Amino acid sequence: MTQPFDPLECRSADARAADLARDLPAQIARAQATPGLGAQLADIDAAQMRDRAALARLPVLRKSELVGAQGDHPPLGGLASIPLGGFDHVFQSPGPIYEPGRVSHDWWRLGRFLHALGIGSDDIVQNCFSYHFVPAGMMFESAARAVGATVFPAGTGQTELQVRAAADIGTTAYAGTPDYLKIILDKAEEMGVRLSLTRAAVGGGALFPSLRQEYADRGITCRQCYATADLGNIAYESDAMDGLIVDEGVIVEIVRPGTGDPVPEGEVGEVVVTTLNPDYPLIRFATGDLSAVLSGESPCGRTNMRIKGWMGRADQTTKIKGMFVRPEQVAAFVSHHEEVHRARVIATRDGEMDVMTVQIETRASNPKLYEGTVLDTLKLRGKVELVPPGTLPNDGKVIEDLRSYDQG
């Protein structure tokens, strides 16, 4: 690894645990002082919240709950530790959901990502994330400032002008969604304009291997991050290209969908994040995204946890026979039986009728043992299939819809 962004990246496991034991109680106490989380965390002794095991006992805050919370405590849901006037920006994402922001040094912590990509004071970053309503543009503007780069605030659209500006000012790095860079590059070729781009920091969409390779063939190193408007940077790629390294300003857990229970290392589950940002202390914030923890440390020398990256959505709510079946209900079914390892609801069709099959990982041999609990928890009758432990796919799915919606 080149010079680290800061000493936090290379901490030992003991040092990271000691810092967590110091920082987490203070963050829980901040959350307890907010109107949005105060009642929920009222009975918690913040001083005892010193490690991941203690954190895992706290309730999960789901992104879907933010709209309601912001209606009760406008505009930030009572989740901020400072008044709205203490922030420099307020943004609106679809929902609508409002998020705060500040111009203080690297508030969203994406500077670490740009540094890992090799962007620094000699670079000019063409920032093609939106500056309007949503925070993405300001997030990457803040990141570029953190590494000393110059920013051209391009925003989205007007591709010909994007090409002309990149050529005129000598843009060396791109920030934006993965696919928009290709539009700019193709337009530059069409216009006969040569660009000086050598690096691309992308997010907000899937970076497919074929697209990454196309950029590499054009002499552009492309790396991706995983960030959200609420949390800022969660994880990012380094030159090792071996998973995404969790940012030092958050605590990431992977939990079984529909619960707050951490899953074993390597098992796919929902990404739950606790941020150490003192201004906006989100505790166990469920992103709705699926991922899994990778074992060991990154070959690049950064020592924090790594995750595989985005692996789908955890919200698998599906309507079967006119009734919604939710991941929380599947989790409730599993919790009723100690001998059940995992369960998976599968929706299919038989002629014009919906069929629900519940596959259950267990060493038991009598399906009738589970039919009553299936009805009680899922509110539907379904076929029960027993399978040996370890049989169900490790993909984070607890509800799978195999019905065809093709109208052709």
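Biologist: What makes strand S6 (residues 173-176) and strand S7 (residues 199-202) a pair, and in which sense do they run?

Modeller: Strands S6 and S7 run parallel and are joined by four bridges, and since two strands pair if DSSP finds at least two bridges between them, they qualify as partners. One of the bridges sets alanine 173 opposite arginine 199 in S7. This is a predicted model, in which local features need pLDDT of at least 70 and side-chain atom pairs count only at pLDDT 80 or more, whereas totals for chains, interfaces and linings use all residues. Residues are numbered from 1 along each chain as its sequence is written, and side-chain values use heavy atoms, with hydrogens and water left out.

Biologist: Which strands make up the sheet that holds S6 and S7, and which are its edge strands?

Modeller: The sheet is open and has nine strands in the order S5-S4-S6-S7-S8-S9-S10-S15-S14, with mixed pairing. Strand S5 (150-153) and strand S14 (293-294) are the edge strands, since each pairs on one side only. Strands here are DSSP runs of E with at least two residues, helices are runs of H or I with at least four, and both are numbered from the N terminus.

Biologist: Which strands does helix H5 (residues 136-146) touch, and how is H5 directed with respect to strand S4 (124-127)?

Modeller: Helix H5 packs on the sheet, touching S4, S5, S6, S7, strand S8 (221-228) and strand S9 (232-236), and its direction makes about 175 degrees with that of S4. Angles run from 0 to 180 degrees between N-to-C directions; under 35 counts as roughly parallel, over 145 as roughly antiparallel, 65 to 115 as roughly perpendicular and the rest as oblique, so H5 and S4 are roughly antiparallel. Helix H7 packs on the sheet as well, touching S6 and S7, with its direction at about 130 degrees to that of S6.

Biologist: Why are H6 (residues 159-169) and H7 (residues 178-191) described by the term they are given?

Modeller: Their axes come within 9 Å and cross at roughly 75 degrees, and H6 and H7 are therefore roughly perpendicular to each other. With contact taken as heavy atoms within 4.5 Å, H6 contributes Thr159, Glu160, Gln162, Val163 and Arg164, while H7 contributes Tyr180, Ile183, Ile184, Lys187, Ala188 and Met191. By class this contact has six nonpolar, two polar and three charged residues, where Ala, Val, Leu, Ile, Met, Phe, Trp, Tyr, Cys and Pro count as nonpolar, Asp, Glu, Lys and Arg as charged, and the others, Gly among them, as polar.

Biologist: What angle do H7 and helix H8 (residues 209-217) make, and which residues of the two helices meet?

Modeller: The axes of H7 and H8 come within 11 Å and cross at roughly 40 degrees, so the two helices are oblique to each other. Pro178, Asp179, Leu181, Lys182, Leu185 and Asp186 of H7 meet Leu211, Glu214 and Tyr215 of H8, and these residues divide into five nonpolar, no polar and four charged.

Biologist: What makes S1 (61-62) and S11 (250-255) edge strands in the sheet of four?

Modeller: That open sheet has the order S1-S13-S12-S11, with mixed pairing. Strands S1 and S11 each have a single partner strand, so one side of each is left without a neighbour in the sheet. For S1 the partner is strand S13 (residues 285-291), paired in the parallel sense over two bridges, with leucine 61 bridged to phenylalanine 285.
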